[in-house]
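User: Please take a close look at the ligand site of this model, and then follow the elements around it and further into the fold. I would value one connected account rather than separate remarks.

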Amino acid sequence: QAALPVTPGQTPIEKQVFTEQVVDQFAHARPEGEVDPKPIHSVPARLLDPAQCPTPHITSMEQYRTMYDQSLNDPDTFWGNMARDLLHWSRPFTQITNGTFEDGDVSWFADGELNASVNCLDRHAQRHPDRIAIIHEADEPGQARSYTYKELLLEVCRVANLLISFGLRKGNTVAIYMPMIPQAAIAMLACARIGCIHSVVFAGFSADSLAERILDANSAVVITADEGRRGGRVIPTKRIVDDALKKCPNVKRVLTFAHTGATGIPFNPTRDVWWHEVVSRQRPYCAPVPVNAEDPLFLLYTSGSTGKPKGVVHSTGGYLLGVAATVKYVFDAHDGDIFGCTADVGWITGHSYLVYGPLSLGITTVFFESVPTYPDASRYWKMVEDHKITQFYTAPTAIRALRRLGDDWVNQCDLSSLRVIGSVGEPINPEAWNWYNEVVGHGRCAVVDTYWQTETGANVITPLPGCTRTKPGSATFPFFGIEVAILDAHTGQELEGPDVTGVLALKRPWPAMARTIAGDHPRYLTTYMHPYRGYYFSGDGATRDADGYIWIRGRVDDVINVSGHRLSTSEIESALVLYPAVAEAAVVGAHDDVTGQSICAFVTLKPQAKVDDTIQLTRDLVLQVRKIIGPFASPKAIMIVDDLPKTRSGKIIRRILRKVVAGEADSLGDLSTVSEPAVVQTLVKMVNEKL
Ligand code: WTA
């Protein structure tokens, strides 16, 4: 196998791994006929009936194809028009797209200037000051509160002025660690207003993870809340921040919003300020700072193949265009729509489809602070009924979990306001898709299974509500400007035609793609642009079926997806080996009916380690991962083993571990590379006893 080109100091990415996983995905592909389940679902007639619904922006496959073809054949005209139509530019652009994947220098609208907060607030507040921008569906039912566009603009300006008074200027980074409250969006937009780059850290991350992200981005200011609430439980948000800041001497200011208003919240008078004491004193007008289209709007950390999280950097112009265009076309947004996305603001779905997408189009977005089963399993559906939500967007995990609890919870509620229901974050199995379509959508809504990633910024493969005939489990066809290729994992050759499975790659730059990794452009190139020259490598495997539909098969690298949360196996391994008794750790994803994948860890102990109580040890190891990464990364199973299967050069063979946890120990394949085959037999025996 030819060595891959690597930048000095970087570990080569091994295609071997991709190849193995694609082979496994082939094995798991459903038998023919099932890969291509009939019937194909047509667009529900109700959506195309003007008496019942606003006419979709795209109403036929022919119209989609014409626009799609133009987006590839004449991208300058297509994206130029779209960018002028959907966004407000303080300085019009004359250039559209430049640069290549290979050189890593892609730019869009390079000489244009705009401000994201103006696009999301001012232009709507001027036209419809009283229109609702954000509905906050609080943790306790019945306590929803809303903010109009005008109110939101005034508060964003006050916070922006406060940030200026802290000494922040264009290009500085601000960390945001907040629960699911509108102040998170206010903080993000306040940064955008003055050209600061926000770095939102999901509030489920531990103090250690938060500290790592604050240091990596060199954030000198943190915006947070006293406490969070989730399903009736209280989360000590500010305490976690204080813990993290012990390691971050660079942080000079912490702005804290009193959300629960609890007493006894730690407060450092030289560093901390309370939102309610300082924000209201600020002037509610702040001149927006125009930024270049290519200036970063935000960075967002995500997990990759190696342990260290990557700060994915998004541009202002291209990113905003991508999210505005997909809310318009993929969710078929119309004036007056109420967009209910249940994602947390700390993930890319929250950035694109809670904040920037809906607000850039001037529709209403719903911040859901709770969990789907609090106080009972009709919570989502009650929320849809109460706020007359028109687009509902959630993850397959939630759909699968709610499906198990029965239809009654859904049937109690009036869901007639819904037109589009979306799924994101992991492959959705046809059973879950059908339930979503029939029980939630009553067969009267478009189901959009949207495939995308933190790095793509916006949906890239997805049905469109008014035209795409869907197959349950398939993300269907590329969005405008997206050219899909399925590559042979090993050779990198494009697999043409129908019925092929390989790695999913994209063939040309699109506006919302990530531009770099903060502080590490070489890593951006080695991760995405160099594995297959001339392509963007997604890290996923995919099949193109006989009708040209794309089926996403899951990750082919060392990333696992648990409840739609993306985790790196090596990140979890690094957390485990920090435990004193642990010698080695190997983590693989196991299939899970609800969470998609679950985390399964194998550990070996140091010879001198004295462990009497292995049950206690596994508990301690789970706590260790929770402390270092966060509760959402807790392993579901930890197996303490004598030895791990390795190659002669000492590399752990994860393929075998994956097979063993999948219960496929009888088809382990070629074991000739295993240095001590006996290890495998012992392992299989142990796992069979445990699982
Ligand atoms: C997976 C989330 C199948 C995929 C927006 C991808 C999906 C990773 C889908 C990105 C889908 C996302 N069908 N798989 N509709 N959507 N994925 O960065 O493996 O948190 O690479 O972005 O989620 O996760 P991320």
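Analyst: In this predicted model, the ligand is surrounded by 17 residues, and the closest of them are Asp449, Thr450, Thr454, Asp540 and Arg566. By class, the shell around the ligand is made up of 6 nonpolar, 6 polar and 5 charged residues. Two elements, α11 (348-360) and β25 (550-555), each contribute at least two residues to this shell.

Backbone atoms also approach the ligand. An oxygen atom of the ligand lies 3.1 Å from a backbone N or O atom of Gly425. For Glu426, a backbone N or O atom is 3.3 Å from a nitrogen atom of the ligand. A polar backbone atom of Thr450, which is one of the closest residues, lies 2.8 Å from a nitrogen atom of the ligand. On its own the ligand has 520 Å² of accessible area, and the protein covers 96% of that area.

Arg566, also among the closest residues to the ligand, leads to a hairpin. Arg566 is the bridge partner, in β27, of Asn561. Strand β26 (residues 559-562) and strand β27 (residues 565-568) run antiparallel and are joined by 4 bridges. Their hairpin has 2 residues between the strands, and Ser563 there adopts a positive phi near 55°. Strand β26 is covered on both faces: Val559 and Asn561 are buried on one side, and Ile560 and Val562 are buried on the other.

The helix α11, which supplies at least two residues of the ligand shell, is preceded by a loop that holds Asp344. This loop runs between β16 (338-341) and α11. Asp344 has a relative accessible area of 16% and is therefore buried, the limit being under 20%. Its side chain reaches the backbone nitrogen of Gly346 at 2.7 Å. Beyond the neighbours within four places in sequence, Asp344 is in contact with Met180, Phe202, Gly350 and Leu354. Between Asp344 and Arg239, the C-alpha to C-alpha distance is 20 Å, with 105 residues separating the two in sequence.

A further residue to follow is His198, which is located in strand β7. His198 is buried, its relative accessible area being 0%. The side chains of His198 and Tyr356 are joined by a polar contact of 2.7 Å. Leaving aside neighbours within four places in sequence, the contacts of His198 include Val174, Ile176, Met188, Cys191 and His351. Phe298 is also in contact with His198, and Phe298 is the bridge partner of His198 in β14.

That bridge belongs to the pairing of strand β7 (residues 197-200) with strand β14 (residues 296-302), which is parallel and comprises 2 bridges. Both strands belong to an open sheet of 8 strands with mixed pairing, in the order β12-β11-β8-β6-β7-β14-β15-β23. At its edges are β12 (272-274) and β23 (516-517), each of which pairs on one side only. Strands of a sheet pair through backbone hydrogen bonds, in either a parallel or an antiparallel arrangement.

Strand β4 (residues 132-137) shows pairing in both senses. It pairs with strand β5 (residues 145-148) in the antiparallel sense over 4 bridges, while 4 bridges join β4 to β17 in a parallel arrangement. His136 takes part in both pairings, standing opposite Arg145 in β5 and opposite Phe367 in β17. Because 5 of the 6 residues of β4 are buried, the strand is largely enclosed by the rest of the structure.

From β17 (364-368), a loop leads to α12 (379-387), and Ser378 lies in that loop. Ser378 is buried, with 5% relative accessibility. Apart from neighbours within four places in sequence, Ser378 is in contact with Trp409, Gln412 and Cys413.

Helix α12 in turn is one of the elements against which the buried residues of α13 pack, the others being β18 (391-394), β19 (420-423), α15 (430-440) and β29 (596-605). In α13 (residues 396-404), the buried residues are Pro396, Thr397, Ala398, Ile399, Arg400 and Leu402. Just after α13, Gly406 has a positive phi of about 100°.

Terms used
Residues are numbered from 1 along each chain as its sequence is written. This is a predicted model: local features need pLDDT of at least 70, side-chain atom pairs count only at pLDDT 80 or more; totals for chains, interfaces and linings use all residues. Side-chain values use heavy atoms; hydrogens and water are left out. A residue is near a molecule or strand if one of its heavy atoms lies within 4 Å of it. A polar contact is a pair of N or O atoms within 3.5 Å; within protein, one must be able to donate a hydrogen and the other to accept it, and residues adjacent in sequence count only if both atoms are side-chain atoms. Accessible areas come from the Shrake-Rupley method with a 1.4 Å probe; for residues, only the protein chains shown count as cover. Ala, Val, Leu, Ile, Met, Phe, Trp, Tyr, Cys and Pro count as nonpolar, Asp, Glu, Lys and Arg as charged, and the others, Gly among them, as polar. Buried means under 20% relative accessible area, exposed over 50%, partly exposed in between (1.4 Å probe, protein chains only). Two strands pair if DSSP finds at least two bridges between them. Contact means heavy atoms within 4.5 Å.
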